[in-house]
Amino acid sequence: MTAGRGDPELLDRVAGSSLGWLAERREFFRLPPGATTDADPNLTLKPLGELAELTWLIATTHPGAELRAAAAELFAFAWQEAREGELFAELIRGEPYATYPVEIYGAFAQAGLRHPAVEELVLTTTGLRGWRVAREDHTRTLAVLNAERRIGLVQHGDFDEKFAQTWLGMLPEPWALDCRAAYGVTHDVLHLTDWGRDRRRLAPETTEYLRLWLPSWLETWLDEQLWDLVGELLAITAIVPTAPYHAAAWRRLADAQDPDGGLPETGTAPRPTDPTEDFRACYHSTLVSAFAATLARIASDEAEAGPVVVGDAVAGPAPFESEAAL
């Protein structure tokens, strides 16, 4: 493990191979007929929303023009598949209290892609008393609050108060972190920092806690070959300002990536032979690897440039800028 600059060539290879795999299989992201009523959202809308969330960040922040263009094509495909927002209007009309249409729409709204009917509907539904009912999963509440912020709505709760109730917000004993809690930790950071766009939102005590324990957590799930979680932890490592670049983890993740660019969620079983099952087994970890490699590349470039001095003070990492909407 080394601090500072990473390996741009390896990081770009991981991101490029992952985006290539996703582009070749983008038909599997298509929504089936009746997606608003009959289909399991975890197998249809969730993959499409994750595609939009992560490719938009890559398309607007990656230093490489070719990789930005590849991600932009996938993001445009996701918006087209959402019928330029009409899908979300149908979903909200059918399930006024459901949060996932608002969460997914928030990614597009942040990119400047809006739909008039959705804008009108969310003003009503997010103001309902039922919308404010407490959710058991405080991490999920952070996702909803972040979506409200992206769309420009009044947030239905206090973000810092909800964060304090999450696993990470409580800074519990690090040895108690299990797999489920680890995924929660990564998403606490992602929602808090708007998927790495504003790293200054990490409080000093949270930053120090993550800096200290991320290497141990990475080693644990590297041993388990749980590449999906390894990718998420590497993304968080790139977001935390003082966390060192974990060269060995990146090499092992790159080695786990198959020649076609796909990355299985786990390395303990062979990839399915059925194309649909193979897609489901690989799409999330492959998306995450492209996302994490992008954040690591940005952090690496910043490390090479050195800290920014403002007056007599050394500035912390600023939010990185996104380009205008596609």
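Is A89 buried or exposed? The tour below reaches that residue after a view of the whole chain.

This is a predicted model, in which local features need pLDDT of at least 70 and side-chain atom pairs count only at pLDDT 80 or more, while totals for chains, interfaces and linings use all residues. Residues are numbered from 1 along each chain as its sequence is written, and side-chain values use heavy atoms, with hydrogens and water left out.

**The whole protein.** Begin with a cartoon view, which should display 13 helices and two strands; these are DSSP runs numbered from the N terminus, helices being H or I of at least four residues and strands E of at least two. The protein is as compact as a globular protein of its length, because its radius of gyration is 19 Å, close to the 20 Å that the globule rule gives for 326 residues. That radius is taken over C-alpha atoms, and the rule is 2.2 Å times the number of residues to the power 0.38. Along the principal axes, the C-alpha atoms fill a box of roughly 50 × 50 × 40 Å.

**Helix α4.** Next, select residues 86-94, which form helix α4 and include A89.

**A89.** Select A89 itself: this residue is buried, with a relative accessible area of 0%. Buried means under 20%, exposed over 50% and partly exposed in between, with a 1.4 Å probe and protein chains only.

**Its surroundings.** Now add A117, V118 and L121, with which A89 is in contact when neighbours within four places in sequence are left aside; contact means heavy atoms within 4.5 Å.

**A last stop.** Finally, select Q155, 66 residues from A89 along the chain, and find their C-alpha atoms separated by 20 Å.
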